Amino acid sequence: MSSLAPSPAEERIPREIWVLVAAALVIALGFGLIAPVLPAYARSFDVGVTASSVVVSSFALMRLVFAPVGGRLIGRLGERPVYLLGLLVVAVSTGACAFAGSYWQLLVFRALGGIGSTMFTVSAAALIVRLAPPSLRGRVSSAYASAFLTGNILGPVVGGTLAGLGYRVPFVVYAVTLVIASAVVAVFLSGASLRPAPGSVPLPPTTVREAWAHPTYRAVLGAGFANGWSNFGMRVAILPLFAVAALGTSPAVAGLALAVFAAGNACALTVSGRMADLRGRRPLVIAGLVVNGVFTMVVGVTGSLWLLFVVSLLAGAGAGLFNPAQQAAVADVVGNERSAGEALATFQMVQDAGMIVGPVLAGVIVDHVGYGSAFALSGLITLFAVVPWLRAPETAPTTT
C-alpha cells in the first residue's frame, strides 16, 4: 500500500519562490492600475466602444498567439532570462502607451504588451516548476495565486485614484513598477540553479506530445479551458451586465459581485494548497470544479442582489479549491528536471482561448436566449471538465 506523504515539518518554501510571489503581487497591482482607465483612455482618441474594446482584447489575443514562441524561447534561453525579458517588454510597451499620440499607436503598444505578458507568465510557471519542492507544489501554487488575486483586487482601487491625475499616469506608474520588479528578480534569482552544470549533458525539454500522453495533463487542459471561459472571461464580462439588467443595480454595486467572487477565492486559497499537498490533487480539483460549476449555473436564476453575492462567494471558493491543485498537477506531470516551456505554454494557451471565446459566445447567447442560458452553459462546461479527472491518476508525491 502507498499513501500520500505529508511534507517534512522542516521543509520550507524556498526564498526564490517568495521573490516570484512578491513580483507577482507587484505585477498584478500594476495591471490593476491600468485596467479601469484603459477603455476610457482609448475612447479619448475619439473612437467608439467597439474600438476601445479591441484595445483591451488585443492584449489577450497576442498572449494567445505568441504563447508557443514563448515556450520555445524558454527551451533555448532558460526560464529566468525569458521572465526578465518579458517583464521589460511589458514595461517598455506600457510606458509607450502613456505617450501614445493616436488610437493606432495605443493599439500597437498594448498588443506588444501581450507578447511580453505571455513570456513572463509562462516562464514564471516554468520557474515555479523548477524551484518548488514536489511536496510543496500545492502551497507554492496557492501562494502565487494569492499574490495575483490580492494585486487584482487592490490594483483597480489605486488605479481609479490615479486616474484623477490623468489617463496616462497609471501607465507610467505601472511601467516603473515592472522595471523595479525585474531588477529584484534579476538580483535575487541570480544564484538559482536552473540550468545544467557546466560540462553536463542537458536533458531534452519535455514536449507537448510527451505531456499529452499523460491523462492528468489532458484533464488539466480541459479544466484550464473551462476556468478561462467561466471565471476569467465570461464572469468578468457578463456578470456585471446581468446584475444591472436583471437585478436593477448600479454598475458600481454590480462590480461588488466580482469582488465577492474574489473574496471566496481568497478564502479557499488559504487552505486548498496545503490540502492538495497532503490529500492529493484529484480530490481538490474535482470538488472545486463541481462547486464552481454548480454555482455558476445558479447565477443566472438568482432573483436578488444578496443571493447573487452568496452564489458568487461559493463559486469563487470552488475556483480557489481547484486552481492550486491543478497547477501542482501540471508540475507533477512535467517534473523539475527538464525544461517544460512548450507544455506549460500550451496550458496557458488553452486557458487564454477559453477567456477569449467565452465572453463572445456568452454575449451571443444573452442576446438571443438570455442570461440564464449563458450562465447555465458556462456551468455545464465546468462540470464537463470533471469527467477527464475521474479517470486521471493521482500525481502527488507518494511513499511506500
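Me: In this predicted model, does Arg110 count as buried or exposed?
Reply: Arg110 has its place in helix H5, which covers residues 103-131. A residue is called buried when its relative accessible area is under 20%. Because the relative accessibility of Arg110 is 4%, this residue counts as buried.

Me: Over the ring of which residue does the charged end of Arg110 sit?
Reply: Not counting residues up to four places away in sequence, Arg110 touches Phe31, Ile34, Leu38, Val55, Ser58, Phe59, Thr94 and Cys97. The charged end of Arg110 lies 4.0 Å from the centre of one ring, and that ring belongs to Phe59.

Me: How far apart in space are Arg110 and Cys97, C-alpha to C-alpha?
Reply: Cys97 is among the residues that Arg110 touches. In sequence the two residues are 13 residues apart, while in space the distance between Arg110 and Cys97, C-alpha to C-alpha, is 6.8 Å.

Me: Why is the pair of Tyr41 and Phe45 called tilted?
Reply: A search of the whole structure finds 9 aromatic pairs, and the rings of Tyr41 and Phe45, with their centres 5.5 Å apart, make one of them. Planes under 30 degrees apart would count as stacked and planes over 60 as edge-to-face, with the rest called tilted. Both Tyr41 and Phe45 are buried, and because their ring planes stand at 45°, the pair is tilted.

Me: How many residues apart in sequence are the parts that the pair of Tyr41 and Phe171 ties together?
Reply: Tyr41 and Phe171 form a tilted aromatic pair, 5.2 Å from centre to centre and with 50° between the planes, and both of these residues are buried. Tyr41 lies in helix H2 (residues 38-43) and Phe171 in helix H7 (residues 169-188), so the pair ties together parts whose separation in sequence is 130 residues.

Me: Which residues form one aromatic cluster with Tyr41?
Reply: Tyr41 is paired with Phe45, and Tyr41 is also paired with Phe171. The cluster joins Tyr41 with Phe45 and Phe171.

Me: Is helix H1 roughly parallel or roughly antiparallel to H7?
Reply: The axes of helix H1 (residues 15-34) and H7 come within 9 Å of each other and cross at roughly 170°. The contact includes Val19, Ala23 and Phe31 from H1, and Phe171, Tyr174 and Leu178 from H7. Because an angle over 145 degrees falls in that class, the crossing makes H1, relative to H7, roughly antiparallel.

Me: What distance separates the end C-alpha atoms of helix H11?
Reply: Helix H11 (residues 281-299) holds 19 residues, and at 1.5 Å a residue they should span 27 Å. Its buried residues include Leu284, Val285, Ile286 and Leu289. The expected span agrees with the distance between the end C-alpha atoms, which is 27 Å.

Me: What relative accessible area does Asn265 have?
Reply: Asn265 has its place in helix H10, residues 251-279. Leaving out residues up to four places away in sequence, Asn265 touches Leu149, Gly316, Ala317, Ala319 and Gly320. Asn265 is buried, and its relative accessible area is 12%.

Me: What share of the residues in the chain is buried?
Reply: The chain contains 15 helices and 2 strands. Among its contacts between residues at least 6 apart in sequence, 87% join residues at least 24 apart. Of the 400 residues in the chain, the buried share is 51%.

Note on methods:
Residues are numbered from 1 along each chain as its sequence is written. This is a predicted model: local features need pLDDT of at least 70, side-chain atom pairs count only at pLDDT 80 or more; totals for chains, interfaces and linings use all residues. Side-chain values use heavy atoms; hydrogens and water are left out. Rings of Phe, Tyr and Trp (its six-membered ring) pair if their centres lie within 6.5 Å; planes under 30 degrees apart count as stacked, over 60 as edge-to-face and the rest as tilted. Buried means under 20% relative accessible area, exposed over 50%, partly exposed in between (1.4 Å probe, protein chains only). Helices (H or I, at least four residues) and strands (E, at least two) are DSSP runs, numbered from the N terminus. A charge sits over a ring if NZ of Lys or CZ of Arg is within 6 Å of the ring centre and within 35 degrees of the ring normal. The expected span of a helix is 1.5 Å times one less than its number of residues. Axes are lines fitted to C-alpha atoms, for helices over the stretch in contact, and angles run from 0 to 180 degrees between N-to-C directions. Angles under 35 degrees count as roughly parallel, over 145 as roughly antiparallel, 65 to 115 as roughly perpendicular and the rest as oblique. Contact means heavy atoms within 4.5 Å.
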